[in-house]
Amino acid sequence: MCGIVGYLGDGNTYEVLIKGLHRLEYRGYDSAGIALVDTKGKLHVYKSKGKVENLENMCSGKDLEATAGIAHTRWATHGEPSDNNAHPHYSEDGNLALVHNGTIENYKVLKDALVKHGCKFHSETDTEVLVQLIEYIRLGNNCSLVEAVQEALKQVEGAYAIAVLEKDKPDTIIAARKSSPLVIGIGENEMFLASDASPFVEYTSNAVYLKDGEIAILKKGEPLKIIDLDNNNSKVDVTKLKMSISELEKGGYPHFMLKEIFEQPNTLRESIRGRVVDGGKRIIINGVRDNKETFVNARRIVFVACGTSWHAAMVGKYLFQDICDIPVVVEYASEFRYSNPVLGPGDIVIALSQSGETADTLAAVKIAREKGAFVFGVCNAVGSSIPRETHSGAYIHVGPEIGVASTKAFTGQVMVLTLIALSVAHLKGTLPEEEIARIGKALLDIPEKVEKVLKLNDKIERLSAIYTYAHNFLYLGRGCNFPTALEGALKLKEISYIHAEGYPAAEMKHGPIALIDEEMPSVIIAPKDHLYDKIVSNVQQVKARGGSIVAIVTEGDTVIKNLANHVLEIPEVPECLSPIVASVPLQLLAYYIAINKGKDVDMPRNLAKSVTVE
């Protein structure tokens with residue numbers, strides 16, 4: 001959601017910024033822009049509605065010489081997508097250019113005050129209010145840009161990550177953050193700035209993640225300086241990136257989403273590497289081991305998450321209640337923060353977020369800490385905000401996920417939650433050692449089982465043609481595969497724009513069955529588990545009403561195979577692991593239906609990869 005890139009150095013500033021914008025396209029955006037300042041103190045701003053390619057076309061033949069620059073991809077909050085509302089925004093005197101990710105909640109009050117003092121506005125954005133405020137303070141107080149930024153941000157309510165250029169200071173970029181990510185790359189005689197590390201990973205592996213309330217001063221020829229709003233110096237903590245360029249490229253696949261679906265055998269291996277040992281007899285999660293008493297004595301577990309992460313948390317609920325004997329609640333983070341949650345010592349809050357920057361989940365984490373709960377993060381992005389704000393946690397280690405519709409992050413989250421649950425069950429003695437060993441051994445086999453599922457690719461591609469022009473879908477599952485149904489329906493909605501709903505199969509007869517006819521296909525997740533006979537009955541109910549059925553079944557199934565219109569067979573695994581293997585054919589089905597409809601699966605309309613504003 002919005003992407004910021006900045007560069008200061010002797011390289012080709014324009015090329016670095018444009019390449020960086022392309023790397024951030026996965027975050028979702030509707031316009032793009034760039035501001036360049038040269039040694040003569042000239043500031044050039046170019047911006048355009050639509051794709052980064054539109055911006056490149058606009059810049060063709062323009063003056064692009066620069067020693068410093070900032071660039072932005074915008075996901076509209078205040079003001080419609082347009083050239084005018086695109087970032088960067090100027091101060092009225094043309095001295096400053098600013099890019100911004102986040103939302104300034106009190107922008108109207110600030111704007112009204114500035115208008116009374118003669119400021120004229122040219123866009124509908126809250127961002128222009130901020131750059132005008134900074135310049136108004138700078139001129140009125142005859143102070144430096146850093147001092148003006150400090151004072152302006154003290155008056156701002158909301159979330160922000162900003163980068164500011166001053167045309168008279170071509171050797172400096174000022175950046176700041178609060179509740180929105182910003183990372184600085186430190187290279188040889190050059191510095192980079194971005195919403196995540198992907199724009200500069202090919203130039204340097206040295207990264208500094210800004211913390212809330214910090215301001216970074218990037219000045220050519222000088223070390224990076226970080227201060228807070230009250231001018232206190234902050235420590236510059238340099239992190240070594242483990243990201244590689246190959247992870248940010250498609251590697252011969254037509255889309256990142258398909259690449260990431262096919263990466264899952266390897267990403268699942270990374271998720272369990274060093275955690276499932278002794279042939280599966282022991283499960284090691286350091287964050288659980290180091291907080292043994294907290295988990296053993298937990299009164300309850302509360303999951304907070306959004307979107308796909310919420311579905312993974314739902315799988316976690318079944319796992320923890322079943323094998324750890326701990327009561328579990330799963331909350332939408334966006335509702336949790338406004339529901340006056342009753343929390344205290346003895347409660348464990350597990351926050352799930354692929355990016356580690358999801359605004360609602362981050363807010364929920366802060367509330368949980370304030371109320372005395374122990375907070376455990378499950379994230380993918382190393383160095384992101386949620387791992388820093390939680391007491392402990394575990395990374396899922398699936399590598400950068402570029403496709404907006406999450407695939408490998410979902411299976412990675414479910415895998416890590418399974419490992420956590422098994423670890424806790426061992427500590428509490430709620431699951432026999434031999435059962436832990438049986439599931440542990442099966443965990444080691446999961447990557448190979450997923451490789452086998454991926455061999456269904458061609459069959460699913462052909463099958464997708466039959467259902468491409470359906471207007472609605474029903475996804476049904478029971479037990480731990482009810483969340484799998486929810487996730488399958490979400491994938492289809494996200495990238496094909498077909499309306500789809502996930503339901504517990506038993507709830508179908510309490511309303512949704514009224515929708516079933518020959519034009520309403522049902523996707524039913526029906527592996528051979530303790531609820532198999534129940535879901536056979538649900539399949540029969542759909543069949544009796546003329547509904548078309550696509551069933552996900554265990555290899556060798558004959559009962560549902562004779563009832564369904566189409567079956568996709570998955571390998572047999574322990575019941576608690578079935579959501580991992582069952583979700584993969586659903587990802588492929590959504591992908592190919594969307595491709596058949598000509599949709600942009602990597603960047604679906606209106607969606608952002610990382611939702612960093614409320």
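This passage walks through two sheets, a strand-helix-strand unit and several single residues in a predicted model.

The structure is a prediction, so local features need pLDDT of at least 70 and side-chain atom pairs count only at pLDDT 80 or more, while totals for chains, interfaces and linings use all residues. Residues are numbered from 1 along each chain as its sequence is written, and side-chain values use heavy atoms, with hydrogens and water left out.

A few terms come up throughout. Helices (H or I, at least four residues) and strands (E, at least two) are DSSP runs, numbered from the N terminus. Two strands count as paired if DSSP finds at least two bridges between them.

One open sheet is built from 8 strands in the order 3-2-4-1-10-9-11-14, and its pairing is antiparallel. Strand 3 (43–49) and strand 14 (239–240) sit at the edges with a single partner strand each, so one side of each has no neighbour in the sheet. At the strand 3 end, 7 bridges tie strand 3 to strand 2 (residues 31–37), and the two run antiparallel. Val-37, for instance, has Leu-43 in strand 3 as its bridge partner. Helices pack here too, where contact means heavy atoms within 4.5 Å. Angles run from 0 to 180 degrees between N-to-C directions, with axes being lines fitted to C-alpha atoms, for helices over the stretch in contact. Helix 1 (residues 13–23) lies across strand 1 (3–8), strand 2, strand 4 (68–74) and strand 10 (191–194), at about 20° to strand 4. Helix 2 (residues 52–59), in turn, lies across strand 2, strand 3 and strand 4, and runs at about 135° to strand 3.

Another open sheet has 6 strands, ordered 5-6-7-8-12-13, again with antiparallel pairing. Its edges are strand 5 (89–90) and strand 13 (225–228); each has a single partner strand, so one side of each is left without a neighbour in the sheet. Strand 5 is held to strand 6 by 2 bridges, and this pair runs antiparallel. Within that pair, His-89 stands opposite Leu-98 in strand 6. Helix 5 (residues 145–155) packs on this sheet, where it touches strand 6, strand 7 (158–166), strand 8 (172–178), strand 12 (214–219) and strand 13, and its direction makes about 165° with that of strand 7.

Strand 6 (residues 96–104) is also home to Asn-101. How buried or exposed is a residue? Buried means under 20% relative accessible area, exposed means over 50%, and partly exposed falls in between (1.4 Å probe, protein chains only). Asn-101 counts as buried, at 0% relative accessibility. Its side chain still finds a partner: a polar contact of 3.3 Å joins it to the side chain of Ser-180. A polar contact here is a pair of N or O atoms within 3.5 Å; within protein, one must be able to donate a hydrogen and the other to accept it, and residues adjacent in sequence count only if both atoms are side-chain atoms.

Further along the chain, strand 17 (residues 300–305) is mostly covered, with 5 of its 6 residues buried. It runs parallel to strand 19 (residues 347–353), joined by 5 bridges, and Phe-303 stands opposite Ile-350 there. Strand 17 also runs parallel to strand 18 (residues 328–332), again through 5 bridges, with Val-304 opposite Glu-331. Strand 17, helix 10 (residues 307–323) and strand 18 make up a right-handed β-α-β unit; with the strands pointing away from the viewer, right-handed means that the path from the first strand over the helix to the second runs clockwise. Ser-309 lies in that helix 10 and is buried, at 8% relative accessible area. Its side chain makes a polar contact of 3.0 Å with the side chain of Gln-413.

Met-508 turns up in the loop between strand 23 (499–504) and strand 24 (522–526), and this loop residue is buried, with a relative accessible area of 0%. Leaving out residues up to four places away in sequence, Met-508 touches Leu-476, Ile-513, Ile-516, Asn-538, Gln-541 and Val-542.

Finally, the cysteines. With a disulfide taken as a pair of cysteine sulfur atoms within 2.5 Å, the count comes to 0 disulfides. For Cys-119, the nearest cysteine sulfur is that of Cys-143, 15 Å away. Why is Cys-576 without a bond? Its sulfur is 7.3 Å from the closest cysteine sulfur, in Cys-480, which is too far.
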